[in-house]
Amino acid sequence: MKKSFLFNILFIGFVLFSCHKSESDDNPPALTITSPTAGSSFGVGQTISITGSVTDESLHELLISVTRKSDGSILFTPTNPPEVHDLTSYNIDEKWNPVGISSTTPVTLTISAEDHDDHLTIKTMDFTINP
């Protein structure tokens, strides 16, 4: 019982103090999508490079996804999400090889970056996957 209590106290302390807020960060992360470009088209099986960059005084989280425009279903998220915690910059470099798409499919790439002060930047890019 005593060990369990001590473990819980240490765990709560870790959670509370592992992320920090900056008293001087008034700006959201700066996020740029380099590729794919708006309106571009790719074939099934073709490798799509998802590239860009994000900067901030203290990044917290970066999320990347590609969704089908017609129903919002997720077609791609990185197997290993980018680890940006406490970084000030990160170069995005993901690869996606779409499979199982049998008709022309408009999709949206969404990248969101959040810093430790809860500032959020979201960028999207629309492109198409052809069978």
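In this predicted model, Val66 has plenty of company: leaving aside residues up to four places away in sequence, Val66 touches Ile50, Ser73, Ile74, Leu75, Phe76, Trp96, Val107, Thr108, Leu109 and Phe127. Several of these names come back in the largest nonpolar core, which has 22 residues. Those with the most contacts inside this core are Val66 itself, along with Ile50, Trp96, Leu109, Ile111, Phe127 and Ile129. At least two core residues come from each of β1 (30–35), β3 (48–55), β4 (59–68), β6 (89–96), β7 (105–115) and β8 (120–130).

Stepping back to the whole chain, the protein has 1 helix and 8 strands, and reading along the sequence gives the pattern α-β-β-β-β-β-β-β-β. Of the 131 residues, 35% are buried. Among contacts with a separation of 6 or more, 71% join residues 24 or more positions apart. As for the outside, the protein exposes about 8000 Å², and carbon and sulfur atoms supply 56% of that area.

Next come the aromatic rings. A search of the whole structure turns up 2 aromatic pairs. In one of them, Phe42 and Phe127 have ring centres 5.6 Å apart and planes at 85 degrees; that angle is over 60, so the pair counts as edge-to-face. The two partners sit 85 residues apart, with Phe42 in strand β2 (residues 41–43) and Phe127 in strand β8, and the pair thus links distant parts of the chain. Buried or exposed, where does Phe42 fall? Phe42 is buried, because its relative accessible area of 15% is under the 20% cut-off. Phe127 also counts as buried, at 2% relative accessibility.

The backbone has a few quirks of its own. As a rule, most residues other than glycine have a negative phi, and most peptide bonds are trans. Against that background, the peptide bond from Ser35 to Pro36 is cis, with omega near 5 degrees. Pro36 is found in the loop between β1 and β2.

Two aspartates also stand out. Asp86 is not a glycine, yet has a positive phi of about 70 degrees; Asp86 belongs to the loop between β5 (74–76) and β6. Asp118, not a glycine either, has a positive phi of about 65 degrees, and its place is the loop between β7 and β8. How exposed are they? Asp86 has 38% relative accessibility and Asp118 has 48%. Both values lie between 20% and 50%, so Asp86 and Asp118 each count as partly exposed.

Key. Residues are numbered from 1 along each chain as its sequence is written. This is a predicted model: local features need pLDDT of at least 70, side-chain atom pairs count only at pLDDT 80 or more; totals for chains, interfaces and linings use all residues. Side-chain values use heavy atoms; hydrogens and water are left out. A nonpolar core is a set of buried Ala, Val, Leu, Ile, Met, Phe, Trp, Tyr and Cys residues joined through side-chain atoms within 4.5 Å. Buried means under 20% relative accessible area, exposed over 50%, partly exposed in between (1.4 Å probe, protein chains only). Helices (H or I, at least four residues) and strands (E, at least two) are DSSP runs, numbered from the N terminus. Contact means heavy atoms within 4.5 Å. Accessible areas come from the Shrake-Rupley method with a 1.4 Å probe; for residues, only the protein chains shown count as cover. Rings of Phe, Tyr and Trp (its six-membered ring) pair if their centres lie within 6.5 Å; planes under 30 degrees apart count as stacked, over 60 as edge-to-face and the rest as tilted.
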